[in-house]
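Subject: Handing over the structure

Hi,

Here is the structure I promised to pass on. Have a look at it first, and then read my notes below.

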Amino acid sequence: WIYYKNKNEIPKKSDAFLGLKGVGDYIHAAVQSIALNEVIPAVDGNVKRVVSRLLELDTPPSMGLKSIKIFLNKVICQNAPGDFNQAMMDLGSTVCRPKNPTCKTCCVSSLCSAHANNSVDNFPLAEKKRKIPHQKIAVAIIWKNNKILISKRKSNAMLGGLWEFP
């Protein structure tokens, strides 16, 4: 349970739940659809892969997220959105896997553009990798009278608020 307004309860209102610390779009959609039957598609990596293959999405999933959500909003089960979301996630994790998908056992292969075009292995398109930042730094350990000098990083800096050697 999530503590909300000093009560041991989950907020019933969608906006209030989304406003809780640590709750993003995915957790919001999964909990609201499964626990409260709210019609919101839950989009995780498995769902992105399934939809990318169904539509032969011509962009990496992060760039095509709007198209993925539009599609899911059209096809989500209005009466049992939580079941739909769980089924989509399970489909992606057990059948429409990243490698060696089992299209012959897939319940939606007849609707899948990538399957029809024998291009399942081409989807989803690869995400562009971000360049890993590299920084050259120097540190000093200043020790005096059995005390070590440390400082706190500025809150707006990388890893803000953490302690470090000067």
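What follows is a walk through what I found, region by region.

First, the ground rules. This is a predicted model, in which local features need pLDDT of at least 70 and side-chain atom pairs count only at pLDDT 80 or more, while totals for chains, interfaces and linings use all residues. Residues are numbered from 1 along each chain as its sequence is written, and side-chain values use heavy atoms, with hydrogens and water left out.

Helices and strands here are DSSP runs (H or I over at least four residues for a helix, E over at least two for a strand), numbered from the N terminus. I call a residue buried under 20% relative accessible area, exposed over 50%, and partly exposed in between, using a 1.4 Å probe and protein chains only.

Let's start with the core. A nonpolar core is a set of buried Ala, Val, Leu, Ile, Met, Phe, Trp, Tyr and Cys residues joined through side-chain atoms within 4.5 Å. The largest one has 21 residues, and Val47, Val50, Val51, Ile68, Leu72 and Met88 have the most contacts inside it. At least two of its residues come from each of H3, H4 and helix H5 (81-94). As a general point, nonpolar side chains in soluble globular proteins tend to be buried together.

Valine 47 is a good place to zoom in. Contact means heavy atoms within 4.5 Å. Not counting residues up to four places away in sequence, valine 47 touches Ala42, Leu72, Met88 and Met89.

Two of those partners, Met88 and Met89, are among the buried residues of H5, a list that also has Pro81, Gly82, Phe84, Asn85, Leu91 and Gly92. What covers them? The cover over the buried residues of H5 includes H2, H3 and H4. The length of H5 works out too: at 1.5 Å a residue its 14 residues should span 20 Å, and the end C-alpha atoms are 20 Å apart, which agrees. (The expected span is 1.5 Å times one less than the number of residues.)

Next, two residues of H3. Serine 52 lies in this helix and is buried, at 0% relative accessibility. Beyond its neighbours within four places in sequence, serine 52 is in contact with Leu57, Pro61, Ile68, Phe123 and Pro124. Leucine 55 is also in H3, which runs over residues 45-55, but leucine 55 is partly exposed, with a relative accessible area of 34%. With the same neighbours set aside, leucine 55 is in contact with Phe71 and Ser113.

Two of the contacts of serine 52, Phe123 and Pro124, bring up an oddity. The peptide bond from phenylalanine 123 to proline 124 is cis, with omega near -5 degrees. Proline 124 sits in the loop between H6 and S3. For background, most peptide bonds are trans, and most residues other than glycine have a negative phi.

That second point matters for the loop between S3 and strand S4 (147-148), where asparagine 145 is found. Asparagine 145 has a positive phi of about 50 degrees although it is not a glycine. Asparagine 146 lies in the loop between S3 and S4 as well, and its phi is near 60 degrees. Both count as exposed, asparagine 145 at 65% relative accessibility and asparagine 146 at 72%.

Now the charged pairs. How many salt bridges does the structure hold? There are two, a salt bridge being a side-chain nitrogen of Lys or Arg within 4 Å of a carboxyl oxygen of Asp or Glu. One joins the side chains of aspartate 25 and lysine 69 (3.9 Å, N to O). Aspartate 25 is in helix H2 (residues 25-36) and lysine 69 in helix H4 (residues 65-75), so this pair ties together parts that are 44 residues apart in sequence. Aspartate 25 is exposed at 54%, whereas lysine 69 is partly exposed at 31%.

The other salt bridge pairs arginine 153 with glutamate 164, with the closest N and O atoms 3.0 Å apart. Arginine 153 lies in the loop between strand S5 (151-152) and strand S6 (163-164), and glutamate 164 in strand S6, so the pair ties together parts that are 11 residues apart in sequence. Arginine 153 is partly exposed at 23%, and glutamate 164 is partly exposed at 28%.

Over to you!
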